[in-house]
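Student: I'd like to learn how to read a model like this one, feature by feature. Can you walk me through it?

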Amino acid sequence: MHKKILLALLLLALPLLAATDSQWVLEQSTLAYHISHPLHESQGVSHAARGKGTCHDGQCDFLIAVPVKSFDSGDSNRDIHMLQVTRGAQFPIVTVRTRLPESSSASAPIHADLEIQFAGQTAQYKQIPFQLVIQGKQTLISGTIPATLSDFKIAPPTLLALPVKNEMPIKVEMTWHPQ
Amino acid sequence: MKVIRLAIVTFACTCLFTTPFSAFAQTSDNATSALPENPQENKTTPAPQDKNAPAPPGNPAAPSLQDLGFPSDQVQGNAELQARLDKRAHMLKMHQRFGLITIAPLLATLVSSAGAGGKSTDSTTRNVHMVLGAVTGDLYGITAYYAIRAPRVPGTETRGPIRLHKALAWIHGPGMILTPILGAMAYSQKSNHEKVHGIAAWHGPVGIVTGAAFGAAVLSVSFKF
């Protein structure tokens with residue numbers, strides 16, 4: 001009888017034993033979107049992203065999130081307008097999910113499939129190149145996400161009746177370390 | 001006892017049966033992720049109902065938004081604030097539109113001022129100047145209304161070119177009130193065949209400074225300095 005109970009408990013514990021192998025934490029980051037207008041070039045920067053990665057069966061799932069209102073372009077009026085057009089009060093967080101093989105933890109260019117939730121929409125970007133550099137215990141990842149306003153159904157803001165360009169590349173620089 | 005044994009065996013079978021499925025689900029996700037069918041194709045879909053706390057898709061081991069430790073007020077959507085931002089954006093768009101429209105009669109008023117003063121006894125040019133000035137004043141009033149009545153966003157510090165734009169309002173705002181008053185005084189003196197004198201003589205300079213401040217306010221938010 002005891003053996004059977006033990007067997008049942010062991011079977012129950014199997015999924016737990018196969019749980020997370022290692023974890024990664026986002027130490028610091030710089031995310032910058034770039035917007036072009038015939039009269040202006042502007043860039044909004046945020047250092048407020050938080051991220052976590054959990055590795056399991058040779059695959060690492062990463063989640064990076066950043067508050068929309070944390071992006072600073074140096075112009076409060078533009079930042080508030082950005083918050084409005086991206087519906088940043090209704091959807092205050094941008095999330096990025098990706099999955100990478102655990103073996104890609106060596107310095108090399110990597111290609112990641114990204115799923116970004118922003119402005120109430122989800123966009124997927126396939127095979128986005130990133131540069132990965134290992135520095136001691138830290139892993140530096142940098143690259144540019146070729147996002148566009150239309151990917152998230154954002155109506156291009158206008159100034160003097162001229163709309164901004166649809167392209168909104170997002171430059172990413174992140175430092176991760178294992179937990 | 002038989003019932004307990006049966007329950008344990010059933011439970012064990014359930015565990016054995018479901019474990020491979022969870023492994024299969026992860027393998028399936030990996031395969032999709034590793035082998036994109038079209039690298040150039042990006043897809044957009046509406047986010048799930050609870051957009052700010054999405055469940056890790058098909059993988060309970062993946063981190064969730066709660067794991068990142070954001071304060072709850074930062075992740076919760078605020079429909080009231082969004083409505084406020086929408087109203088603000090609409091009103092500032094109207095402010096911008098009327099501001100641009102105001103430039104036309106303002107320039108015409110400044111141009112017509114050349115023939116309105118001086119020793120000319122013809123009242124036509126003065127009347128044209130006065131009408132253009134009145135149209136400018138009315139449009140300016142509408143422009144100012146939309147800026148003043150636009151809802152403020154609490155906790156926002158004013159930074160960037162908008163500071164200059166707002167500071168210039170302290171020049172062209174009083175100027176837009178003072179100019180027509182001085183203009184009316186000058187018009188009255190001129191109609192009485194008097195030389196424009198006293199404070200009314202400042203109508204021209206005040207009007208020019210007001211127009212220049214207004215133009216600078218438009219340019220301050222139109223071009224990057």
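Tutor: Sure, and keep in mind throughout that this is a predicted model. Let's start with a helix, α3(B), whose buried residues are L85(B), Q96(B), G99(B), T102(B), P105(B), L106(B), T109(B), L110(B), S113(B) and A116(B).

Student: What do the buried residues of α3(B) pack against?

Tutor: They pack against α2 of chain A, together with α4 and α6 of chain B.

Student: How do I check the length of helix α3 of chain B?

Tutor: Use the rise of 1.5 Å a residue: α3 covers residues 79-116 of chain B, so its 38 residues should span 56 Å. The end C-alpha atoms are 54 Å apart, which agrees.

Student: And what does that check give for helix α5 of chain B?

Tutor: This helix takes in residues 162-191, 30 residues that should span 44 Å at 1.5 Å each; its end C-alpha atoms are 42 Å apart, so the values agree. Look along the axis too: there is a kink of about 30 degrees at W170(B), shortly before the proline P174(B).

Student: Which residues of α5(B) are buried?

Tutor: H172(B), G175(B), M176(B), T179(B), L182(B), G183(B), A186(B) and Y187(B). The buried residues of α5(B) pack against α4 (124-149) and α6 (203-222) of chain B.

Student: Next, backbone angles. What should I expect of phi?

Tutor: Most residues other than glycine have a negative phi. Here H193(B), which follows α5(B), has a positive phi near 55 degrees without being a glycine. H193(B) sits in the loop between α5 and α6 of chain B.

Student: Is H193(B) buried or exposed?

Tutor: Count the C-beta neighbours: H193(B) has 7 inside 10 Å, so it counts as exposed.

Student: Where in chain A would I look for a positive phi?

Tutor: Go to D57(A), where phi is about 55 degrees though the residue is not a glycine. D57(A) lies in the loop between β3 (50-56) and β4 of chain A. It has 13 C-beta neighbours inside 10 Å and therefore counts as partly exposed.

Student: How is the rest of chain A built up?

Tutor: Its secondary structure comes to 2 helices and 11 strands, and from the N terminus the order is α-β-β-β-β-α-β-β-β-β-β-β-β. Of the contacts in chain A between residues at least 6 apart in sequence, 59% join residues at least 24 apart. As for burial, 39% of the 179 residues of chain A count as buried.

Student: How do I make sense of a core?

Tutor: In soluble globular proteins, nonpolar side chains tend to be buried together. The largest nonpolar core here has 46 residues, and I64(A), A65(A), V94(A) and I116(A) touch the most other members. Elements of chain A that each supply at least two residues include β1 (22-37), β4 (59-67), α2 (76-85) and β5 (93-101). The largest share, 6 residues, comes from β4(A).

Student: What is A65(A) in contact with beyond four places in sequence?

Tutor: Its partners in chain A are A49(A), R50(A), I93(A), V94(A) and T95(A), and those in chain B are L65(B), L68(B) and F70(B).

Student: Where in chain A does pLDDT stay under 50?

Tutor: Over residues 9-19, for which the model has 10 contacts beyond four places in sequence. Chain A averages a pLDDT of 87, with 87% of the residues scoring at least 70.

Technical notes:
Residues numbered from 1 in each chain as written. Chains lettered and ligands numbered in written order. Predicted model: local features only at pLDDT ≥ 70, side-chain atom pairs only at ≥ 80, totals over all residues. Core = buried A, V, L, I, M, F, W, Y, C linked by C-beta atoms within 7 Å. Buried ≥ 20, exposed ≤ 12 C-beta atoms within 10 Å, placed from the backbone. Helix = DSSP H or I, 4+ residues; strand = E, 2+ residues; numbered from the N terminus. Contact = placed C-beta atoms within 7 Å. Expected span 1.5 Å × (residues − 1). Bend = angle between axes of the 7 residues up to and from the residue. pLDDT = per-residue confidence, 0-100.
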